[in-house]
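The following note sets out some points for consideration on the structure shown below. They concern the overall architecture and two surface patches.

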Amino acid sequence: MATGNINVTAENIFPIIKKFLYSDHEIFLRELISNATDATLKLKHLSKLGEVTGEIGEPILEVKVDKDAKEIRIIDQGIGMTGEEVEKYINQVAFSGAEEFVEKYKDKVEDSGIIGHFGLGFYSAFMVADKVEIFTKSFQEGSKAVRWECDGSPQYTLEETDKEDRGTEIVLHIAEDSEEFLDKAKIEGLLSKYNKFMPIPIKFGTREETIKSDEPVAEGEEPKEEKIVVDNFINNPNPAWTKKPSELEDQDYKNFYRELYPMQFEEPLFHIHLNVDYPFNLTGILYFPKLTKNMDPQKDKIQLYQNQVFVTDNVEGIVPDFLQMLRGVIDSPDIPLNVSRSYLQADGAVKKISSYITRKVADKLNSLFKNDRKSFEEKWDDIKVIIEYGMLSEEKFFEKAQKFALYPTVNGEYFIFDELIEKIKENQTDKDGKTVVLYASDKKAQHSFIEAAKEKNYEVLLLDSPIVSHLIQKLESTKENVTFVRVDGDHIDNLIKKDENVVSKLSEEEQETLKPIIEANVPKENYTVQLEAMDSNANPFIITIPEFMRRMKEMSATGGGGMFGMGNMPEMYNLVVNTNNDMVASILNEKDEAVQKELIKQGFDLAKLSQNLLHGEELTNFIKRSFEMIKK
Ligand code: ADP
Ligand code: MG
């Protein structure tokens with residue numbers, strides 16, 4: 001038996017490790033399982049190369065919890081270690097790794113979310129154990145099994161032991177302050193969080209299964225059910241993302257979605273299989289979920305793996321912001337994990353990964369659009385927010401999206417931008433050569449304006465996502481000679497100004513008399529009165545919402561854009577008075593002031609009503625007044 005001193009510079013490294021990442025004690029299990037997996041994969045590899053004598057079979061890992069003995073065991077059938085290897089890899093390599101780790105990160109505790117992953121290795125066992133034993137036997141022929149023991153001080157024991165099988169068994173003698181880990185449910189929870197897709201089967205106890213008995217039964221009778229005890233394997237060693245897209249059917253992708261998010265009952269809209277090995281290595285499957293208002297963005301996020309080990313579900317910096325609402329997995333050994341978030345965002349490889357993901361998503365959307373436009377159109381409502389957000393936040397995506405970003409009309413037709421302009425250019429270009437895109441945000445509320453536009457054979461888009469004002473702003477600044485106006489921004493003749501000049505029936509003088517009379521009857525904090533000569537069939541009073549003001553307000557409500565605190569401005573409307581409507585002429589000519597007032601009120605209220613602005617007491621009064629007028 002050999003005893004020795006672990007070569008150590010700081011004698012108190014274990015307490016440091018223990019204190020460090022206090023909240024993250026659970027990583028010990030992932031580290032030890034990673035080591036066991038590595039050892040097994042190495043064995044498989046060597047066996048393929050013909051360097052292992054005999055068949056290796058199907059090696060598995062096993063985790064055992066013994067509450068009474070206060071032990072957790074992690075057992076593998078991998079390459080094992082010789083005595084010298086334990087000296088080298090455990091006493092020297094692992095230890096120096098731990099030391100270096102603590103040295104490097106002791107000032108960055110706030111980042112423990114990510115630096116807790118990897119790097120601490122074998123010695124993380126001491127975060128929960130006050131004594132650790134290793135029983136190990138190398139795969140190499142003739143090697144003797146050894147037992148190593150260490151109680152967390154720099155002294156260790158190394159001696160020969162009699163272990164029959166190849167592989168390593170780690171025994172953790174759980175410390176008093178970590179006894180929560182002796183709870184089977186706790187360990188099972190950790191295993192299914194971190195190791196659900198590890199490449200080597202992991203056995204954790206047994207479970208009961210009900211099967212149909214093969215005992216003979218009389219004809220017509222159902223076979224009896226029988227309970228049997230089977231090994232409980234907690235992982236799927238071959239998850240869908242590790243396979244080639246050509247090996248998978250649509251249903252396989254759906255099944256995998258269910259496996260990832262067992263509590264998600266809604267099917268995903270479609271998936272994107274990521275698979276690249278140069279200039280970085282990355283595999284994964286992303287899903288577009290159906291977005292719903294009551295969706296919890298903190299739940300069911302994209303999961304990041306490294307070689308099938310779960311790392312985190314915080315993919316900030318790795319996946320572009322606009323795709324964070326997607327679901328699925330990304331697996332890459334090339335993402336540096338033991339660095340801070342800000343460093344991550346500046347990392348060249350990570351930047352490439354992020355732009356690769358953006359490109360793949362754009363390509364997928366483009367091919368969906370090209371191959372089955374109808375079904376793409378049907379999904380548009382569910383995916384538009386993500387796409388529009390992407391167009392606003394990623395220039396490359398904006399360019400690519402020109403081929404598939406859709407602009408639906410109020411009639412349920414869908415155009416891409418170029419098609420739209422082609423369609424409306426002739427009819428909707430104004431006298432200054434600008435093509436005017438009309439849009440509505442609410443079919444019901446803006447009904448009368450939409451109808452007025454339709455009468456002129458204009459197309460009206462239905463743009464109702466929350467960030468649409470930002471998108472419009474962006475389109476106007478990138479497309480030449482195109483401007484957007486919401487249908488209720490003004491009277492239709494003013495929205496698209498053609499050359500036809502309508503002459504006013506009222507003289508200048510008459511107009512000057514009329515304006516103050518009307519102004520006296522509308523609240524001037526919210527309304528600007530505007531006299532206009534329009535078609536005599538157009539309504540006498542129309543309330544419009546000036547495009548610019550409205551858009552700025554919307555933009556500041558959804559962040560960015562209106563930097564001047566526009567969100568707090570009062571609502572501003574225009575009251576457009578049609579000087580060619582006969583009713584307006586009769587208001588002007590009315591000698592009885594009370595009647596005149598009543599006519600203005602009624603006209604104004606009707607205009608409000610058509611903009612859904614008449615409520616409460618005003619509405620009650622309006623109804624009363626209308627009945628009175630009918631009676632007369
Ligand atoms: P890392 O895994 O990053 O190399 P660790 O501290 O986790 O660092 O492990 C140190 C070394 O100990 C490993 O590289 C490996 O050589 C050896 N080792 C640890 N666990 C096992 C095991 N279960 N089987 C064989 N070798 C192991
Ligand atoms: Mg390790």
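1. Accessible areas here follow the Shrake-Rupley method with a 1.4 Å probe. On that basis, the protein chain exposes about 32100 Å², and carbon and sulfur atoms supply 48% of this area. The model is a predicted one, and the values in this note should be read accordingly.

2. As to overall composition, 19 helices and 22 strands are assigned in the protein chain. The chain has 632 residues, of which 49% count as buried. Among contacts between residues at least 6 apart in sequence, 71% join residues at least 24 apart.

3. A patch of negative charge is found on the surface, where Asp130, Asp151, Glu176 and Asp177 gather. One of these residues, Asp151, is placed in the loop that runs between strand E5 (146-150) and strand E6 (155-160). Because its relative accessible area is 46%, which falls between the limits of 20% for buried and 50% for exposed, Asp151 is classed as partly exposed.

4. A nonpolar patch is also present on the surface, formed by Ile623, Phe627 and Ile630. Together these residues have about 330 Å² of accessible area. Phe627 belongs to helix H19, which spans residues 616-631.

5. Is Phe627 buried or exposed? Its relative accessible area is 54%. Since exposed means over 50%, Phe627 is therefore classed as exposed.

Terms used: Residues numbered from 1 in each chain as written. Chains lettered and ligands numbered in written order. Predicted model: local features only at pLDDT ≥ 70, side-chain atom pairs only at ≥ 80, totals over all residues. Heavy atoms only, no water. Patch = residues over 30% accessible without salt bridge, like charges linked within 9 Å, V, L, I, M, F, W, Y side chains within 5 Å. Salt bridge = Lys/Arg side-chain N within 4 Å of Asp/Glu carboxyl O. Lys, Arg positive; Asp, Glu negative; His and termini not counted. Charge placed at Lys NZ, Arg CZ, Asp CG, Glu CD. Helix = DSSP H or I, 4+ residues; strand = E, 2+ residues; numbered from the N terminus. Buried < 20%, exposed > 50% of the residue type's maximum accessible area, 1.4 Å probe, protein only. Contact = heavy atoms within 4.5 Å.
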